Structure formats: C-alpha cells, structure tokens
Amino acid sequence: MTHKCKVLVVGGGVMGASVAWHLTQAGAAVTLIDQGSGNVPSATAASFGWVRASASTPSDDTNAFALRLHALEEYTRLKQTLGALPVTVRGALSWGETTDETAALIAEHLAAGSRVESLSAAQVRQKEPSLAAVPDLAMWAPDDFALEPVDLARCFIQAAQANGATVLSGTVQRVLSAGGRVNGIEVQGQVIEANKVVLANAYGALALAASAGVALPIQQQPAVLLRLDADRNRVRHLLCAQDLELRPGKERGLMSALDYPLEGEAGLQRLAEQTCQSIAQLLQLPSVPRILSIEVGQRPMTSNKQPLCGPIGTVEGLFAVVAHPGVILAPLLGSLCTQAVLAA
C-alpha cells in the first residue's frame, strides 16, 4: 500500500534518519529536518556504536534485554534491504573480575536466548594476542558488532533521499497546530506545513513537544567517548572488561566508552588519563596513548527507561521516538514508528 501523507521528521541523527527511511519505504512523502551538529556532539556523534546484547545483564531489566535481542534481529533485515552497513569490527569479548562471575554471566545470557560462547584462556589469546594477561574464561558474542553511528545515519538519509525524501537544515523553533491537530513546524521563522510531525531529535524533543502543550517524560544523562592515538590493530574485537569498553576506531586509533565522572566536567581530564593508563597496561602498549578527543554526549533517557515511540499527547498527528541505546534500537523503532504514523 502506498501512503502519500506528508510527514515532517525532526532530527538527522540515527533515530530520525531511520524513521525517515522507513516512512519513504512505505511510500510516505517525507521531509527530514537536520538541525546540524553545532558545537555540541549529538547523541549519535558521541555514541560508541556497539550493537549488542552481551554488554548488559538480562536480569537487570528483562524487558529491555528482550527488546535489544529483537532489535538485533532487525539489523539482519536492514542489511538485506539497505545493503552493506558501516561496520568497523565484529565479535565481542567480555569477562568479569573472577571466573565464577564470568561463568554466571555466560549462563544467564544463554538462559535469556543470547548466542554466546565460553572461551578458554588459549582461545582468548588467539583472538586478542595483544592482551597483557588473559582471563581463564571469557564470554564470546559472535553476533555483536560496532558500527559508525554517523555513517549509519548518513546511509539512512541517502536511502531516504533516493526514495524521494527532502532533507533540510535548520533549527526547529516550535510545532504548529490548530484545532487540536498538527499542521507543521516553524524553522527559523519559516513555516513548513505537514499532516504529521515526528520528533526524533533526542532530548530536543522535550522543548518542541512543550511548544504544542505536550510534556514528555525524558531527561539527559551524560556519557563520555574517548578517542586515543594508538595502533588500532592492537584490538581485533570489542572488549568489555576491567571497567573498560574498547574497540578500534574507523580508520585510526582506539575508542573507549566511559561513564561521566562524579566530579563533572572538572573530572574529565583525570578520567581520560586514568583510562589511557589502564588501556596501556591491558594491551602491553610501549607508552601511554595520547588523547585525541574527549567527547561528552547527552543520552536521552525516558523516566521509565522504556522507548518512547508513537503518538504523544492529545494533539492529533504529533509523534515522538526517543530511546536509549539509540544505535541499537533505531532500525526497530524506525519501523514501529512508521507503522504508528501511517495507522493514525
């Protein structure tokens, strides 16, 4: 069935781009408003890009874990439809502080339906020969992979444009409505009309929804992405161990995802330096790697930690899709949001 409704999608990150592409796949007339990167890294640009279930524990949140497994299945469909994805590395190794902790982690993942394997020290050494010390037991997740989030968003946008979508740049100031129904948005003083509006611009959706009288239950949570000047070939897969998440960069260096320091911005440099020392020890590096960049991204978090996807408030034609982790969930939520938009 072909749908000719005119839809405005706000947000050119991976979530908005996924929604735009899925809508064009269904035949909708789509205009995507990309608000640009500005001086602050977007949630997409500052994402580590790990598409996985293995780094989380099923018992922490059973529903969220099941959703991630479902989202991973969507990536198989996505590759068949969209083509090659911007994957940098495949497979993930994880281990705990003790062998018993790792064994329990493996058992829990297997019981929850994850495809993981137990690896001995010799098998770990074969996969990651640069490790200074290998654990006696590690969990191997062959289906996990890391991709470049900005490149994935670009793939979605280019495919949407090939389907007829229009892409505009600018700052969306407010959602326009009349008689309880959306009729467009205002972009830097210019009115753009539409039958339906999808807010897919992470935390920015909060203010735009409020402009239409809708309160969204979302907040920001900072996270740190560290880029290092080190031989990317020192790490062959994704690593999650010793309080580190580590992977090779796209073309050079290494990348590490970190929790935001309790001291706030004042603690960033110290956190980065300590992480560099830990990585140098983990990988037997001849010297402590140089810091290329420290990026702080704001993750959009809903109050109940469940994705926000579908119509919002009482304004007819207004939708939102906000979730963390966005890169993992973007293909799935793009599809579900499209169904909701076209069914309304």
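The second largest pocket of this predicted model has a volume of about 390 Å³. Twenty residues line this pocket, and the closest to its centre are Leu-72, Thr-76, Asp-143, Asp-144 and Phe-145. Three elements give two or more residues each to the lining: H2, strand E4 (87–94) and E6.

Helix H2 is a good place to go next. H2 covers residues 62–82, which makes 21 residues. How far apart should its ends be? At 1.5 Å a residue, H2 should span 30 Å. The end C-alpha atoms are indeed 30 Å apart, so the expected span and the model agree.

Now look at the two ends of H2. Asp-61 caps the N-terminal end. A side-chain oxygen of Asp-61 lies 3.3 Å from the backbone nitrogen of Asn-63. After the other end comes Gly-83. The phi of Gly-83 is positive, near 100°.

Which residues of H2 are buried? They are Phe-65, Arg-68, Leu-69, Ala-71, Leu-72, Glu-74, Tyr-75 and Leu-78. Leu-72 is also among the residues closest to the centre of the second largest pocket. The buried residues of H2 pack against several helices: H1 (14–25), H3 (99–112), H5 (149–162) and H8 (326–343). They also pack against strands E3 (50–51) and E6 (137–147).

Ala-66 sits in H2 too. Is Ala-66 buried or partly exposed? Its relative accessibility is 45%, so Ala-66 counts as partly exposed. Gly-317 is 251 residues away from Ala-66 along the chain. The C-alpha atoms of these two residues are separated by 29 Å.

From H2, move to the core. The largest nonpolar core has 45 residues. Those with the most contacts inside it are Val-9, Leu-23, Tyr-75, Val-198, Val-321 and Val-341. At least two residues of this core come from each of strand E1 (6–10), H1, strand E2 (29–34), H2, E6, H5, strand E18 (318–322) and H8. H8 gives the most, with nine residues.

Val-321 shows how this core is knit together across the sequence. What does Val-321 touch, leaving aside its neighbours within four places in sequence? Its contacts are Met-15, Val-19, Val-198, Leu-199, Ala-200, Leu-308, Cys-309, Leu-333 and Cys-337.

Apart from the largest core lies another, of 27 residues. Val-124, Leu-131, Val-224 and Leu-254 are among them.

Notes: Residues numbered from 1 in each chain as written. Predicted model: local features only at pLDDT ≥ 70, side-chain atom pairs only at ≥ 80, totals over all residues. Heavy atoms only, no water. Helix = DSSP H or I, 4+ residues; strand = E, 2+ residues; numbered from the N terminus. Expected span 1.5 Å × (residues − 1). Buried < 20%, exposed > 50% of the residue type's maximum accessible area, 1.4 Å probe, protein only. Contact = heavy atoms within 4.5 Å. Polar contact = N/O pair within 3.5 Å; in protein donor to acceptor, adjacent residues only side chain to side chain. Core = buried A, V, L, I, M, F, W, Y, C linked by side-chain atoms within 4.5 Å. 1 Å grid on protein atoms, 1.4 Å probe; cavity = no way out; pocket = protein on both sides within 12 Å on 5 of 7 lines; lining within 4 Å. Points joined across faces, edges and corners; volume = space filled by probe spheres on them.
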